[in-house]
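Student: Could you take a close look at one part of this structure, its nonpolar core, and set it in the context of the whole chain?

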Amino acid sequence: MITARTPAWWRATLALCLGSFLVFVNLYAPQPLLPELRVAYGVSTLGISLIMSISTLALAGALLVFGPLSDAIGRDTIMRVTLLLTGLCSLALAFAPNFESLLVLRALQGFLLGGLPAVAIAWMGDEFDRPALLSAVGLYIGANSLGGISGRLIGGGAGELGGASAGFLSVGLLTLVGVALFWKLLPRARAFTPRRFELRGALTDIAAHLRHPLLLAAYLLGGINFLIFINQYSYITFRLADEPFGLGARLLGMIFLTYLGGTLSSMLSGRLAGHLGQPLCMVLGILILLGGTLVTLSASLPWIIVGLTINAVGFFLAHSMASSWVSRHAQKARGSASALYLVFYYVGASLGSAWLEPFWQYAGWPGVVLGSWLLLGVTLGIAVWLWRRERAAQPIGVAG
């Protein structure tokens, strides 16, 4: 097993962080363009949100394929090939002739984007010991947020200069360069033991994961939290594009720099978990997310940015803990267990606009805040339950 802070650990972690960065650059590049695209295509806020939700929904479906498949054929090839095809797909998006073809290509790209997230944490679970896993997952998820930030900055900046095509071309070229480096850095897996792929066995594994209360709780927590967090960003772009703010695509892209708060909390999450335990870190993350959401009610743009930054800190802390919790508690078929967490995660993202749209139509941003608090109250209850379960299962005086 690879131990923390060794040269092998740094090389593997750097490769997986780079792969994660590229995935989220591609996934989120169109988000700051949503207000402009809504006007260009004459569709509603719910309709234009399909550009994001169709890719996340396809990604969720891909996880059900790549997770179990990786338990049979290995994780390395899946990550390498899907990243390469993702870059080529971004280049193709630059030449999409109409909105319908854009949606089809985004759906295809979403499926390809599922390859690395489906198996990366399972790869770590195979190759790393527990301290190395906790530290690496925090860095890996920090790379998620950096990729999300960079994708939106590239999409918003290039989109304002040369339209959406320029944004897709920039992302595609960046991805192909990054893929070449990823292929070079990723070490060959040594601890992976293949299992013969059988559909019945894969379905049995998935059913077993869903019956495992500690896994199911983490699945629901991650999915509902992401449903709220990512779709808040979509609706805040509509709010900030309108008066009195009137922000353009480039400045809307810069709003996503608030993700840096999540990058920091992800990187520190492993150390924090060593003191508080994973479930209590989830509780803390959700409380922070609830507080940040309230701050965004301010009519001041600087305070809105502060609130979004607080949200990112809380969300990524809870997400880091929930995803590593799954890898830690899955007794077998770790690839499908980690993939199933991400299925809940991205299905949540794809359903968020349907949940928040009525609140937005009824009361604008205060309605979005209310809708967010209702579901975050559910995930807070789940996190407290996990904390109580782990506390009850351990000897007195032992940290979780």
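Tutor: The answer below goes from the whole chain to the core and then to single residues.

This is a predicted model, in which local features need pLDDT of at least 70 and side-chain atom pairs count only at pLDDT 80 or more, while totals for chains, interfaces and linings use all residues. Residues are numbered from 1 along each chain as its sequence is written, and side-chain values use heavy atoms, with hydrogens and water left out.

The protein chain has 16 helices and zero strands; these are DSSP runs, H or I of at least four residues for helices and E of at least two for strands, numbered from the N terminus. For 400 residues a compact globule would have a radius of gyration near 21 Å, and the 20 Å of the protein chain agrees with that. That radius is taken over C-alpha atoms, and the globule rule is 2.2 Å times the number of residues to the power 0.38. Of the 400 residues, 59% are buried, where buried means under 20% relative accessible area, exposed over 50% and partly exposed in between, with a 1.4 Å probe and protein chains only.

Now the core. A nonpolar core is a set of buried Ala, Val, Leu, Ile, Met, Phe, Trp, Tyr and Cys residues joined through side-chain atoms within 4.5 Å. The largest one holds 120 residues, and those touching the most other members are Met79, Phe128, Tyr140, Phe226, Phe229, Tyr233 and Tyr346. Helix α16 (residues 334-393) gives the largest share of this core, 19 residues. Because domain 1 (1-187) and domain 2 (198-399) both contribute residues, the core lies between them; the domain bounds come from an automatic or database domain assignment.

Phe226 shows some of the contacts in detail. Leaving aside neighbours within four places in sequence, Phe226 is in contact with Tyr28, Asn231, Phe315, Tyr345, Tyr346 and Ala349, contact meaning heavy atoms within 4.5 Å.

Helix α16 also holds Ser350. Ser350 counts as buried because its relative accessibility is 10%. Not counting residues up to four places away in sequence, Ser350 touches Ser53, Thr56 and Leu57.

For a contrast, Gly163 lies in the loop between α8 (130-162) and α9 (164-185). Its relative accessibility is 21%, so Gly163 counts as partly exposed.
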